[in-house]
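Subject: The model, and what turned up in it

Hi,

Here is the structure I promised to pass on. Have a look at it first, and my notes follow underneath.

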2 protein chains.
Amino acid sequence: MKPDMSNQKTSNATTVPRAGLRDVAKMAGVSTATVSRVVNQPDTVSDTLRKRVMDAIQVVGWVPNAAARALTSNRTGTIGAVLPALALGDFARSIDAMQDALAARNYVLLLARSNYDPALEFSQVTKLAERGVDGLILVGRDRAPEYQSFLSRLKIPYINSFIFEPEATMPCVGPDNAAAMASMVDYLVEQGHRRFAMIAQTTTSNDRALARRNGVRDALAHHGLAIPPHAMFEGKWSIEEGRMLLNVAMALEVRPTALICGNSMLAVGALLQAMENEIRVPDELSIVGYDDVELMSELPIPITTVRVASEEVGRVSADTVLDMIEGKRWTGTRIPYEIVVRASSGPAPAT
Amino acid sequence: MKPDMSNQKTSNATTVPRAGLRDVAKMAGVSTATVSRVVNQPDTVSDTLRKRVMDAIQVVGWVPNAAARALTSNRTGTIGAVLPALALGDFARSIDAMQDALAARNYVLLLARSNYDPALEFSQVTKLAERGVDGLILVGRDRAPEYQSFLSRLKIPYINSFIFEPEATMPCVGPDNAAAMASMVDYLVEQGHRRFAMIAQTTTSNDRALARRNGVRDALAHHGLAIPPHAMFEGKWSIEEGRMLLNVAMALEVRPTALICGNSMLAVGALLQAMENEIRVPDELSIVGYDDVELMSELPIPITTVRVASEEVGRVSADTVLDMIEGKRWTGTRIPYEIVVRASSGPAPAT
DNA sequence: TTGTACGCGTTATCAC
DNA sequence: GTGATAACGCGTACAA
């Protein structure tokens, strides 16, 4: 290894300080104000000078100092996002889209994760606020009051994403989780199903998962049906968990004819385990999920699911915070969902 | 909707400016220097004053301004990472780990994506540099010379991640892609395979994919074997692509007995398509992949693959840049890999 | 159209 | 142990 940076604590004496605005100005023979204008309001500078300054910038290799800029302008050009996890399906995809949307409008994305822990989320938000983010993208809507007041005191605009509630204080960008699951229930009831089980993500500190569960409950109630408490399961986001919970659900005294899964990996696990147990899907058991990742449609028995464009959630969230910051008109957005029926679901078996 | 922020361009007149260091100082009846010390070097301040200042901070609700801090200290406490994509398997997982490792040492993660485009990557790096990142985590090692000089001129330390090359100028943190694939080839040859096909990610601007392909080629050569050019395929990172390329590979005049896939999704696709085509795996065809995501072991026929701890890549990359920044001793790290043999591979069929 | 000069909120270097 | 004050690098009234 031959690093060109010293691997020692001390650096060499001949440290050339990074070029500054004044260096550019000197080089171009103009004032610092002119250089600043060339960068920030090119139209207000004569062509000749602009050209001269641009060249000077190249020559001295000037890179503007964001800290100094932020200090005077009170804007950092950064947006913070705090998500429960960064690698999980829909969040991961939304991050991709967020980053693109922000980059397109010359903002940069500061990322943090909360691991579904409200306290950690708040501490991350605090840290991002100190960093001077111009806006925040958060997930869900439930937040402690101290938290709310912290944000409003700092006047940092933020988005509640992956959820939709028209009456929320701050704009929501996401699907109506409850309505989406309700549609799925309607479909299953229409197919003749009457006995259900559900495996969902832990609803603690997860208002999206809770909304989905309640959506199922309310929709069933509307049909005069219900899932008995002992047929409602909660688990982690994993295939293995889905496998395990399928086994538990199918060991119930009264077997369900339809299994509703709260996310994609639980559904995949449930389906794979059903195949392994030689449970005939969908003749014997219908399995449905939430979130349409590529895998859902590619398995030997493609899975019926709720499709929500997570990329859209990310993109619109980003654009909406920027609109709030830049003083444009903004509003929450209900991201549409769609029930995608595939081979894993069908008519309920005859009793 | 009843936003508590004005949905208009102009804000109300009674704008209370955010509390600053001097407000805290006034409140506590001390100088700004003392407040600063309480925050940054608590030990050098008397207990009484420290307590008084802490209370004052609470009362006025002071949040330090990172821009001002950065301006004088020349450090922003941010690390930038530019990855080809943020949602793809191993990258997504590594981001999670990076974020954790950085947060643990009180740094924050600035994220950008390059979409496998060197020009875009460079522009993202430029943007992050302007934002004043203290260090960078990049992917791979191949970089244009202008690029290198840009970074060294700005004296921003960086890591080449997901790759390992001991002689690199800047430290690498990642697996030895070539060696990993070579091990896999050794295993397959040992199982009696002589006819191979490979489906890999596009190697353009992707030195990791290239290293894997070359690793396969060299290892085969070492055994006096080779993959003919028409049995080498490149495609995108998706299950569908894997399915398609399996069909192409199995339509070759001389059918391979082993199919080497360059990443996890291609392997999953290939396996699922093989199942659909009723190709007996592994009796008729062995399928192996790279990267061990949960799905690989959960499919009806679990897939033999190379396991690399991507989380480790993220964690160690983060810690190493921080070490470089903080003047500690640092070095590149070769992340270990492991061949995980599962049901998708076995002895070559008798001719 | 261009230049001067001050201020942004901290940190760090001095004296005290 | 504590306080005054000069940077830090840029944006921007305001003057020219």
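To start with a small one: in which loop of chain A is A:P282 found? A:P282 sits in the loop between α11 (264-276) and β9 (286-290) of chain A; helices here are DSSP runs of H or I with at least four residues, strands are runs of E with at least two, and both are numbered from the N terminus. The peptide bond leading into A:P282 from A:V281 is cis, with omega near 10 degrees. In chain B, the bond from B:V281 to B:P282 is cis too, with omega near 10 degrees.

Some housekeeping: this is a predicted model, where local features need pLDDT of at least 70, side-chain atom pairs count only at pLDDT 80 or more, and totals for chains, interfaces and linings use all residues. Residues are numbered from 1 along each chain as its sequence is written, while chains are lettered from A and ligands numbered from 1 in the order in which they are written.

Now the two protein copies. Chain B can be laid on chain A with an RMSD of 0.1 Å by a turn of 180 degrees and a shift of 0.1 Å along the axis (least squares on C-alpha atoms of residues with pLDDT of at least 70 in both). That is the relation of a two-fold axis. The same surface serves both copies, as 100% of the contact residues of chain B recur in chain A.

As for that interface, 59 residues of chain B are in contact with 60 residues of chain A, contact being C-beta atoms, placed from the backbone, within 7 Å. The elements giving two or more residues to chain B's side include α5 (89-104), β2 (108-113) and α6 (118-130) of chain B. By type, that side has 33 nonpolar, twelve polar and 14 charged residues (nonpolar is Ala, Val, Leu, Ile, Met, Phe, Trp, Tyr, Cys and Pro; charged is Asp, Glu, Lys and Arg; the others, Gly among them, are polar).

The sheet crosses between the chains: β2 (residues 108-113) of chain A and β2(B) pair in the antiparallel sense over three bridges, where pairing takes at least two DSSP bridges. A:L109 has B:L111 as its bridge partner in β2(B). Overall, twelve strands form an open sheet with mixed pairing, in the order β11(A)-β5(A)-β4(A)-β3(A)-β1(A)-β2(A)-β2(B)-β1(B)-β3(B)-β4(B)-β5(B)-β11(B). The edges are β11 (333-334) of chain A and β11 (333-334) of chain B, each with a single partner strand, so one side of each has no neighbour in the sheet.

On to the DNA. Strand C is surrounded by 25 residues, the closest being A:S31, A:A33, B:L21, B:S36 and B:A68; near means a C-beta atom, placed from the backbone, within 6 Å. Helices α2 (32-40) and α4 (66-73) of chain A, together with α2 (32-40) and α4 of chain B, each give two or more residues to that surface. It divides into eleven nonpolar, 13 polar and one charged.

One last residue: B:V53, in helix α3 (residues 47-60) of chain B. B:V53 is buried, with 25 other C-beta atoms within 10 Å (buried is 20 or more, exposed 12 or fewer, partly exposed in between, with C-beta atoms placed from the backbone). Its C-alpha atom is separated by 7.5 Å from that of B:A25, 28 residues apart along the chain.

Cheers

Notes. Contact = placed C-beta atoms within 7 Å.
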